[in-house]
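Please look at the sequence and the three-dimensional structure shown below. The paragraphs that follow lead through them step by step.

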Amino acid sequence: MRVGLTYDMRDDYRGTGLPEEALAEFDSAETIAELETTLRRLGLDVDRIGHVRHLAQRLVAGDRWDFVFNIAEGLKGRAREAQVPALLEAYDIPYVFSDPLVMSVTLDKAVAKRLVRDHGVPTAPFVVLESAAEVAAVDFPYPVFAKPVAEGTGKGCTAASRCASPAELRRTLRRLLARYDQPVIVEPFLPGREFTVGIVGTGAEAKVLAVMEIALRPGAEAGVYSYENKEQCESRVAYGLAQDGEARQAGETALAAYRALGCRDAGRVDLRSDAAGVPQFLEVNPVAGLHPTHSDLPILAGLAGINYDQLLGRIVAACLARTGLDQAPVVTRRAAAGRAA
Ligand SMILES: Nc1ncnc2c1ncn2[C@@H]1O[C@H](COP(=O)(O)OP(=O)(O)OP(=O)(O)O)[C@@H](O)[C@H]1O
Ligand SMILES: [Mg+2]
């Protein structure tokens, strides 16, 4: 099967004047290379495409694929993660992972929380603030936690995100609003254990791979699984499988959120427990990082005895089963694609 690979690689944007932090969410050359070799080992004929504009050029030039493995995060706009999936749908090309609507609603943490809350999934209350003058809108007790409403990779999540008073929150808001140029979501600070849950499959077929607990080592930035801690995770973070009652509850909540949002093929849900030890939904990552040793999903799969090849194999199998591509003879699909073009 011919598989296209879409991604945003840091190197493709170097020299464009974008600051290093803007590139943080993008993939390293190493991740793409690992992904490519592994998909080849799985018997797929991999064709590197690149980011959304590369994809657009290739589509217009008439190139087609049996399906696309998409890990592009997008560069601009609130729907940036939706751009590649939307373009692929316009050309009727199946792809791995979630559709444009899911990509958009999950990038905005407040929208995602509203939707999961509507499905009865436990998630902390929150407000979205656009200026430091709005702190009076916070109608839950301090301490609170403030972060940009639509970023990833721990961007804007630092020790200063935990604010013990309205005055502290005002300071943090000013800094976050100026730096990230988008509203800030404020929630109660959740003081309990932190979990991230890996999920593979779609809808009723979706299953929890494993629940991983994230514990910070001495020397880490305290209390937050922040950008700095993530970048230096090898020395700062202790990852372990968690299988006790609270962890199982985290797994169930994660799966309920994943299904409520309509995520597909695979994803990772982040949770943190409240003071009563009840895991609360923080966010879902429908395009979870896939660096074999540095990203949470491969790390947690590894802890559960699922190696990188097997993880990617399961993700691809989930996509093929969902789209029916595992049934259709490849030649037929190519002919159909040819007719449509
Ligand atoms: N309400 C909260 N209370 C306590 N800590 C929080 C809260 N919200 C976020 N955090 C901390 O900040 C970290 C990053 O938050 P979150 O997962 O929402 O952001 P992210 O940058 O999108 O993450 P990712 O890198 O997974 O994309 C969490 O893993 C957690 O340690
Ligand atoms: Mg997270």
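The explanation begins with the two ligands and then turns to a helix, an aromatic pair and two single residues.

The structure is a predicted model. A suitable starting point is ligand 1. There are 23 residues around ligand 1, and those that come nearest are K109, K147, G154, E194 and K230. Two of these lysines can be described in more detail. A polar side-chain atom of K109 is placed 2.7 Å from an oxygen atom of ligand 1. For K147, an N or O atom of the side chain is likewise found 2.7 Å from an oxygen atom of the ligand. E187 faces another kind of atom: a polar atom in its side chain lies 2.9 Å from a nitrogen atom of ligand 1. On its own, ligand 1 has 620 Å² of accessible area, and the protein covers 97% of this area.

The second ligand is a magnesium ion. Which residues act as its protein donors? They are D270, through OD, and E283, through OE, and they lie 2.0 Å from the magnesium ion. D270 belongs to strand β12, which spans residues 266-273, whereas E283 belongs to strand β13, which spans residues 279-285; the pair therefore ties together parts that are 13 residues apart in sequence. Both D270 and E283 are buried.

Strand β13 also appears in the surroundings of helix α6. This helix comprises residues 100-107, and because six of its eight residues are buried, helix α6 is largely enclosed by the rest of the structure. The buried residues are P100, V102, M103, V105, T106 and L107. Against what do they pack? Their partners are the strands β3 (67-70), β4 (95-96) and β13, together with the helices α5 (83-90), α7 (109-118) and α11 (245-261).

Aromatic rings provide a further kind of link. A pair of such rings is described by the distance of the centres and the angle of the planes. The structure holds four aromatic pairs. One of them is formed by Y13 and F26: the centres are 4.9 Å apart, the planes make an angle of 35°, and the pair is classed as tilted. Y13 lies in helix α1 (residues 10-13), while F26 lies in the loop between α2 (20-23) and α3 (29-41), so this pair joins parts that are 13 residues apart in sequence. Y13 has a relative accessible area of 9% and is therefore buried. F26, with a relative accessible area of 4%, is buried as well.

Two single residues complete the account. The first to be considered is S273, which is found in strand β12. S273 counts as buried because its relative accessibility is 0%. The side chain of S273 makes a polar contact of 2.7 Å with the side chain of E246. Apart from neighbours within four places in sequence, the residues in contact with S273 include L190, P191, G192, R193, F195 and V278.

The other residue is G198, located in strand β9 (residues 194-200). Is G198 buried or exposed? Its relative accessibility is 0%, so G198 counts as buried. When neighbours within four places in sequence are set aside, G198 is in contact with K207, V208, L209, A210, G267, R268, L297 and L300. Finally, G198 and G251 are 53 residues apart along the chain, and their C-alpha atoms are separated by 8.6 Å.

Conventions:
Residues are numbered from 1 along each chain as its sequence is written. Chains are lettered from A and ligands numbered from 1 in the order in which they are written. This is a predicted model: local features need pLDDT of at least 70, side-chain atom pairs count only at pLDDT 80 or more; totals for chains, interfaces and linings use all residues. Side-chain values use heavy atoms; hydrogens and water are left out. Helices (H or I, at least four residues) and strands (E, at least two) are DSSP runs, numbered from the N terminus. Buried means under 20% relative accessible area, exposed over 50%, partly exposed in between (1.4 Å probe, protein chains only). Contact means heavy atoms within 4.5 Å. Donors are N, O and S atoms within 2.8 Å of the metal (3.2 Å for Na, K and Ca); water is not among the atoms, so sites may look incomplete. A residue is near a molecule or strand if one of its heavy atoms lies within 4 Å of it. A polar contact is a pair of N or O atoms within 3.5 Å; within protein, one must be able to donate a hydrogen and the other to accept it, and residues adjacent in sequence count only if both atoms are side-chain atoms. Accessible areas come from the Shrake-Rupley method with a 1.4 Å probe; for residues, only the protein chains shown count as cover. Rings of Phe, Tyr and Trp (its six-membered ring) pair if their centres lie within 6.5 Å; planes under 30 degrees apart count as stacked, over 60 as edge-to-face and the rest as tilted.
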